[in-house]
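Please look through the sequence and the structure shown here, and then follow the explanation below, which goes from the confidence of the model to the packing of its helices.

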Amino acid sequence: MSSTKTLSTLPARYAAGERRGIASICSAHPLVIEAAFLEGLATEMDVLIEATCNQVNQEGGYTGMTPADFRRFVEEIAAHVGFDTRRLILGGDHLGPNPWKHLPAEEAMQRSEMMMDAFVRAGFTKIHLDTSMGCAGEPVALSDAVTAERAARLALVAEKAAAESGFDLPVYIVGTEVPIPGGAMEALDHLELTSPEAALETVEVHRRAFAAVGLESAFARAIGVVVQPGVEFGNENVVVYDRAAACDLSNVLARMPQFVFEAHSTDYQPASALRGLVEDGFAILKVGPGLTFALREALYGLDQIAAVLDNGPETLRQGMEALLLAEPKNWQKYYHGNEAELRIQRHFSYSDRIRYYWPHPAAAALVEGLFQRLGDRELPETLVSQYLGALYPAVAAGTVEAKARPLALEAIRNVIRTYNRATI
């Protein structure tokens, strides 16, 4: 059974009483992807890696990669660690006009069609159709009917590309979540959960739209609905899943056995909350900023260790601060407060907008310099305890080498491990 078919069985397994799911790794950072494959090797689990429409598209996205480029990039890392790519699932997240919503709708949709074609021909087999955003001259959020009509239009492109690609036919995810992808921009104390009626309506309006263009067989491969189960993170706080509050939403799955729910922004949820989400039918758990947040913690801790070992300065945080101030476009409109508050948010916010800077040549040089500074030396356990406390138990137990690169990878693997345990 291919990995895509394994994914497609999630709804039937849930309907039969099996409470399993899958973690969706939403990151283009090579260390994050490597960590995901290392965990996949250790657990013999499939690995689902997703790219968003803003991150990767036919025009390059903010990573500079097309879908075909991204596939090669991921497969090269898989080959490096010895992960069998037959257990790799590639997903396209929020595929729709979002990168071009400043354009008139028809032009934005034409570009979306080209993007969809590129994703599916590159072997992305988990497709999230998200056409909910208004384009130039339209309301910010569109009606369900228009959203579904545009989603079906993109599905037509996907089906044609899939038939000609030689890859598995795609499975589809419909619906979107509020707030925006990537985390909220302000402190949160309350979220409006998706109502059961809204979830049912999302499914039915998409079913009708697909049928209107002759795509009943494609809609039969729709397996997931994106909803808001009451999980989110802002810059400074996390809203933790409340199972009692989401009970009615969870129960509606009994009326739509073709589907499970997909939960976005599950980063930073406690292990018990992640397990609760899976048990309640939120079988696909998206995580992204939480992974690079863990990596940043590890890199900053390693920088402190390096400064102690050679009695020199810390270089990484200061270097990143200079870069963040010189090129503020990826954080400036998302962070608010006085200068001291902004400085803390630039580096330590849950929304982790510093992740956009790691591919920058200046940041890459800083990280490479840190790894060269520490080299392959065995780091003192006491310094790991002091500056990388979460990793100390594994080092003390001898399961992780007290060396710079293995420690950075282990920080990410710790997060992924929590998700994998929640989904089995």
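The model is a predicted one, and its chain has a mean pLDDT of 96, with 97% of the residues reaching 70 or more. An exception to keep in mind is the stretch of residues 179-185, where the pLDDT is below 50, although in the model this stretch has 21 contacts beyond near neighbours in sequence. Where pLDDT is low, the predicted coordinates should not be read in detail.

A first place to look is the pair formed by helix α3, residues 30-43, and helix α4, residues 67-81, whose axes lie 9 Å apart and pack at an angle of about 50°. Angles that are neither under 35 degrees, nor over 145, nor from 65 to 115 count as oblique, and α3 and α4 are therefore oblique to each other. Their crossing is right-handed, and the contact is made on the α3 side by Pro30, Ile33, Glu34, Phe37, Leu38 and Leu41, which meet Phe73, Val74, Ile77, Ala78, His80 and Val81 of α4.

Further along the chain, helix α5 (residues 105-121) and helix α6 (residues 144-165) have axes that come within 8 Å and cross at roughly 30°. Because angles under 35 degrees count as roughly parallel, α5 and α6 are described as roughly parallel to each other, and their crossing is right-handed. Among the residues that meet here are Met109, Met116 and Val120 in α5, together with Leu154, Val157 and Ala161 in α6.

Arginine 121, which has its place in helix α5, shows this meeting in detail. With a relative accessibility of 34%, arginine 121 counts as partly exposed, because that class lies between the cut-offs of 20% and 50%. Its contacts, leaving aside neighbours within four places in sequence, are with Lys160, Ala161, Glu164, Ser165 and Phe167. The side chain of arginine 121 is joined to that of glutamate 164 by a polar contact of 2.6 Å, and to that of aspartate 117 by another of 2.8 Å. The C-alpha atom of arginine 121 is separated by 38 Å from that of tyrosine 335, which is 214 residues away along the chain.

The last element to consider is helix α13, which spans residues 339-348 and in which Leu342, Gln345, Arg346 and His347 are buried. What covers these buried residues includes α11 (289-310) and α12 (316-326). At the start of α13, a side-chain oxygen of asparagine 338 reaches to within 3.1 Å of the backbone nitrogen of alanine 340.

Definitions and conventions: Residues numbered from 1 in each chain as written. Predicted model: local features only at pLDDT ≥ 70, side-chain atom pairs only at ≥ 80, totals over all residues. Heavy atoms only, no water. Buried < 20%, exposed > 50% of the residue type's maximum accessible area, 1.4 Å probe, protein only. Helix = DSSP H or I, 4+ residues; strand = E, 2+ residues; numbered from the N terminus. Contact = heavy atoms within 4.5 Å. Polar contact = N/O pair within 3.5 Å; in protein donor to acceptor, adjacent residues only side chain to side chain. pLDDT = per-residue confidence, 0-100. Axes fitted to C-alpha atoms, helices over the stretch in contact; angles between N-to-C directions. Left-handed = near helix turned anticlockwise from the far one by under 90°.
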